[in-house]
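Student: I have a structure open and would like to talk it through with you. Could we start with the contacts between charged side chains and then move on to other topics?

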Amino acid sequence: MDIHQIPDPNLTFPNDYGTSCFIKNVVKAPNIQIGDYTYYDDPVSPAEFEKNNVLFNWPEFGDRLIIGKFCAIGAGTRFLMGPANHRISSVSTYPFSVFGGAWTENTPPHMAQLPRKGDIVVGNDVWLGRECLIMPGVHIGDGAIIASRSVVSRDVEPYCVAGGNPARFIKKRFDEELIGILLRLKWWDFEPQRLVSILPLLCDPDLEKVKETFKEMIQA
């Protein structure tokens with residue numbers, strides 16, 4: 001197989017549509033990590049993902065946004081980083097410190113007071129529908145699907161469908177056996193040519209056949 005026929009993960013715009021952007025190639029912040037082939041689709045400005053879709057990102061705060069490989073991110077989906085929060089441990093949540101003068105002199109540093117939820121972590125092969133909002137500290141497992149306009153404030157297990165405001169569990173995509181096989185297989189880590197060889201299975205609706213074939217692969 002000619003390796004040049006395989007899509008290049010280092011291209012910014014991998015097809016002729018001009019709306020899909022492999023965002024690892026345009027993100028610069030040191031606390032954002034994005035895997036190969038993960039794309040953001042937007043008819044207006046897909047390459048401005050970091051500016052428009054990662055909100056309140058101050059790397060010095062210490063939290064990270066980690067997105068795996070082969071994720072599909074719908075237009076308008078946003079990730080709310082930790083510095084978007086306000087102090088909630090005191091009587092007032094107002095951020096006096098950021099406005100300068102006597103207010104700054106008489107209050108603790110703003111970011112030192114904020115609650116820390118941890119990193120946002122999105123697994124591999126995750127589909128985030130249009131205009132989702134992913135809150136600080138949320139972990140979304142491999143293969144999950146998040147419905148459009150959902151507000152994800154809690155973790156989502158691998159290969160589950162979640163949706164709503166706040167997003168709630170709707171169903172598991174597959175039975176436990178197939179989910180376990182997929183999590184062991186980790187097809188998203190395959191070398192490019194090996195991945196091409198299993199693409200028919202990844203797109204096959206005959207899940208029993210897929211299950212048996214992948215089971216043989218992980219037992220080999």
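Student: Which residue does Arg149 form a salt bridge with, and how far apart are the closest N and O atoms?

Tutor: Arg149 pairs with Glu131, and the closest N and O atoms are 2.9 Å apart; a salt bridge here is a side-chain nitrogen of Lys or Arg within 4 Å of a carboxyl oxygen of Asp or Glu. Before going further, please note that this is a predicted model, in which local features need pLDDT of at least 70 and side-chain atom pairs count only at pLDDT 80 or more, while totals for chains, interfaces and linings use all residues. Residues are numbered from 1 along each chain as its sequence is written, and side-chain values use heavy atoms, with hydrogens and water left out.

Student: Where in the chain do Arg149 and Glu131 lie?

Tutor: Arg149 is in the loop between strand 12 (145–146) and strand 13 (151–152), and Glu131 is in the loop between strand 9 (127–128) and strand 10 (133–134), so the salt bridge ties together parts that are 18 residues apart in sequence. Strands are DSSP runs of E with at least two residues and helices are runs of H or I with at least four, both numbered from the N terminus.

Student: Is Arg149 buried or exposed?

Tutor: Arg149 is exposed, with a relative accessible area of 61%, whereas Glu131 is partly exposed at 37%. The cut-offs are under 20% relative accessible area for buried and over 50% for exposed, with partly exposed in between, using a 1.4 Å probe and protein chains only.

Student: What about the backbone, which sign does phi have at Glu131?

Tutor: Phi is positive at Glu131, about 65°, although Glu131 is not a glycine. Arg149, which is not a glycine either, has a positive phi of about 60°.

Student: And how many salt bridges are there by that rule?

Tutor: The count comes to 11 salt bridges. Some of them form a network, which links Asp175, Glu177, Glu208, Lys211, Glu212 and Lys215.

Student: How far apart are Lys215 and Glu177 in that salt bridge?

Tutor: The closest N and O atoms of Lys215 and Glu177 are 2.8 Å apart. Lys215 lies in helix 5 and Glu177 in helix 3, so this pair ties together parts that are 38 residues apart in sequence. Glu177 also meets Lys211 in a salt bridge, at 3.4 Å from N to O, and that pair links distant parts of the chain too, with Glu177 in helix 3 and Lys211 in helix 5, 34 residues apart.

Student: Is Lys211 buried or exposed?

Tutor: Lys211 counts as buried, at 5% relative accessibility, whereas its partner Glu177 counts as partly exposed at 38%.

Student: Changing topic, which residues of helix 4 are buried?

Tutor: The buried residues of helix 4 are Leu195, Ile198 and Leu201. They cover an arc of only 90° around the axis, taken from the directions from the helix axis to the C-beta atoms, which puts them on the same side of helix 4. As a general point, an α-helix has 3.6 residues a turn, so residues three or four places apart point the same way.

Student: What covers that buried side, and what is on the face turned away?

Tutor: The cover of the buried residues includes helix 5, where contact means heavy atoms within 4.5 Å. The face of helix 4 turned away from its buried side carries the exposed residues Ser197 and Pro200.

Student: Now pockets: what is the volume of the largest pocket?

Tutor: The largest pocket has a volume of about 510 Å³. On a 1 Å grid over the protein atoms alone, a pocket is an open set of points where a 1.4 Å probe fits, with protein on both sides within 12 Å along at least five of seven lines, and lining residues have an atom within 4 Å of a point. Grid points are joined across faces, edges and corners, and the volume is the space filled by probe spheres set on the points.

Student: Which residues lie nearest the centre of the largest pocket?

Tutor: Of its 24 lining residues, Asp125, Arg173, Trp187, Leu202 and Cys203 lie nearest the centre. Helix 3 (176–185), helix 4 (192–202) and helix 5 (207–219) are the elements that give two or more residues to this lining.

Student: One last topic, where is there a cis peptide bond?

Tutor: A cis peptide bond joins Asn165 and Pro166, with omega about -5°, and Pro166 lies in the loop between strand 14 (160–164) and strand 15 (167–172).
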